[in-house]
Amino acid sequence: MAFDEKELIILAQKGDNAAFEQLVYLYDKKVLSLALKYIKDEDLAKDIYQEVFIRVYKGLKNFQFKSEFSTWLFRITTNVCLTFKTKKASRVFVSVNEENMDEEPVIELKDESYESSPDRIVIGTEITRRIENALDEFPPRQKIVFILKHFEGYKIKEIAVILDCQEGTVKKYLFEAIHKLRKKLKDLN
Amino acid sequence: MDHIKYQELNTLSLYEELKSDEQSGLIHHLVICPECYADFEEKIKLKETLSEHGLKQPGVALLNQARRELRIALENDFKKNFITKMVDSLGSLFRSNYKMILAGAAMVLVGLIAGKYIFSSNSFYNDNIYLKAKSDSFLQDNTQITNVKFADNIAAGGEVEFSFDAVKPVHIKGNINDPKIQNILSYAMVNGSNVGVRLNSINLINSNTSGKIDKDVRNAMINVIKNDLNPGVRREALKLMKKFPYDDEIKKTLLYVLQFDNDTSMRIESINLLMDAQKEGHSFNNEDLNIFREKLKQDNNLYIQYRVKSVLKEKA
């Protein structure tokens, strides 16, 4: 028997894990797609995916249908993406404390696996790589706005609700993003 | 309105974000302004380039893997939370100065319930398989006693009260057709940390000749087919499934494998079993057919494509 989304949410709120599973399957491809486009690394995208749905699972009891479930879900997704970036950046340096100051020098860790992986070389075209590089230079929120708008097809109004900001702010991010991309990819057009 | 404003409208127009009056105003301006028209054309080309060389999309295998890892994470989280809640409840019972006997009874109850959850299957999604322990005498040869805790240091009238963990190695010899043996094997099938243990458990159950297989075994088998990280174990579980009469749940499991398993041989076996069922007169509903249609578009394996086409053709 197929349930609609609201029924699934109510059942999942009551602890029905099968209903939660169905709910996950309704949206998880989009969540993973957004995470992958944002972070570009499959393993990290899976980490984001997992973090999102664990938060959804824990927070579902407090979901009161004041917004669309999808809006709530993608708000969590964008928050996880944005904070995940911060977490990743915070791993750039190995932390040291007073006890090991004398032992090892500070090592700078830079994740270059994506850039150099054979999969990436095979799959990615030069143009795609340049688009990705251009997007990487965007501030995180601007990058999320552009991905949601251009690649995921959300309306500006929806993005504003997801990011909890004004429509004008979303437009501003979008205009700036287009302007930067035009400059970066000028020779392609 | 200045050029910058019109050029912003150009962007919004490309993403179909303008109202009809704004769109008409923009078109009128583009006709008379070469600068804004050039901007519009450039943006169209940029949008085409971005769409043509878009960012990486997640494949079915990645999605499937993410789903599996999520299940495992949720199961672990579920068990951890359950134990934390139990410990908290027990703590508050002690703090509230209830009689010690009530605390003792609560501890036994908590132990029983926690045991059920801790030793139950790893399945998060309602496949509850758990080992049914016999309530034999708890102190026998080879019983290892650990974690002794005294409830009260003062022994009144010679009575003492304490708790401990009793761990006892068990050696069982029995018939494979015995449901109790099957129950233990299904626990090992799901929870065995070693691949060999899980494979052996499945093979032993598969050697059952009576045809009577416990319901818990069936649930465990479905759980393994969907969730086990080792393709060899999943394959053996799929073979075991042939012993069960085809029904809606088995159909759903096979469709799940066809959709999400990243192992080609699993998907081939699954489509073959589904076709066999179709030949035997079992039908597919619209939801199932949509899965087949989607599969036809997505699966790169020619054999699977051919078989899926046959299913759809047969249905038509």
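Two residues are in contact if their C-beta atoms, placed from the backbone, lie within 7 Å. The model is predicted: local features need pLDDT of at least 70, side-chain atom pairs count only at pLDDT 80 or more, and totals for chains, interfaces and linings use all residues. Residues are numbered from 1 along each chain as its sequence is written, while chains are lettered from A and ligands numbered from 1 in the order in which they are written.

**Exercise 1. Describe the two chains.**

Step 1. Take the contacts in chain A between residues at least 6 apart in sequence. Of these, 55% join residues at least 24 apart. For chain B, with the same limit of at least 6, the share is 59%.

Step 2. List the secondary structure. Helices (H or I, at least four residues) and strands (E, at least two) are DSSP runs, numbered from the N terminus. Chain A has 10 helices and 0 strands. Chain B has 13 helices and 2 strands.

Step 3. Check burial. A residue is buried if 20 or more other C-beta atoms lie within 10 Å of its own, exposed if 12 or fewer, and partly exposed in between; the C-beta atoms are placed from the backbone. In chain A, 30% of the 189 residues count as buried. In chain B, 24% of the 316 residues do.

**Exercise 2. Characterise the side of chain A that touches chain B.**

Step 1. Count both sides. The contact involves 36 residues of chain A and 29 residues of chain B.

Step 2. Assign the chain A side to elements. At least two residues each come from α2 (17-39), α3 (42-59), α7 (126-136), α8 (140-151) and α10 (167-184) of chain A. The largest share, 9 residues, belongs to α2(A).

Step 3. Sort by class. Ala, Val, Leu, Ile, Met, Phe, Trp, Tyr, Cys and Pro count as nonpolar, Asp, Glu, Lys and Arg as charged, and the others, Gly among them, as polar. This side of chain A holds 19 nonpolar, 7 polar and 10 charged residues.

**Exercise 3. Find the centre of the largest nonpolar core.**

Step 1. Set the criterion. A nonpolar core is a set of buried Ala, Val, Leu, Ile, Met, Phe, Trp, Tyr and Cys residues joined through C-beta atoms within 7 Å.

Step 2. Rank the members. The largest core has 48 residues, and Leu32(A), Ala35(A), Ile48(A), Tyr49(A) and Val145(A) touch the most other members. The largest share of this core, 10 residues, comes from α2(A).

Step 3. Follow one member. Leaving out residues up to four places away in sequence, Leu32(A) touches Ala45(A) and Tyr49(A), and also Pro58(B), Leu62(B), Leu63(B) and Ala66(B).

Step 4. Look for another core. A second, separate one of 29 residues includes Val217(B), Ala220(B), Met221(B) and Phe292(B).

**Exercise 4. Analyse the helix α8(A) and what follows.**

Step 1. Compare spans. The expected span is 1.5 Å times one less than the number of residues. With 12 residues, α8(A) reaches 16 Å from its first C-alpha to its last, close to the expected 16 Å.

Step 2. List the buried residues. In α8(A) they are Lys143(A), Ile144(A), Val145(A), Phe146(A), Ile147(A), Leu148(A), Lys149(A) and His150(A).

Step 3. Move past the end. Gly153(A), just after α8(A), takes a positive phi of about 75°.

**Exercise 5. Determine how α7(B) and α9(B) pack.**

Step 1. Get the geometry. Axes are lines fitted to C-alpha atoms, for helices over the stretch in contact, and angles run from 0 to 180 degrees between N-to-C directions. Helices α7(B) and α9 (residues 231-241) of chain B pack at about 10°, with their axes 10 Å apart.

Step 2. Classify. Angles under 35 degrees count as roughly parallel, over 145 as roughly antiparallel, 65 to 115 as roughly perpendicular and the rest as oblique. The two helices, α7(B) and α9(B), are therefore roughly parallel to each other.

Step 3. Sort the contact residues. They divide into 7 nonpolar, 3 polar and 3 charged.

**Exercise 6. Locate two non-glycine residues with positive phi.**

Step 1. Recall the background. Most residues other than glycine have a negative phi.

Step 2. Take chain A. Phe65(A) has a positive phi of about 60°. Phe65(A) lies in the loop between α3 and α4 (69-90) of chain A. Phe65(A) is exposed, because 10 other C-beta atoms lie within 10 Å.

Step 3. Take chain B. Glu16(B) has a positive phi of about 55°. Glu16(B) sits in the loop between α1 (3-14) and α2 (20-32) of chain B. Glu16(B) is exposed, with 9 other C-beta atoms within 10 Å.
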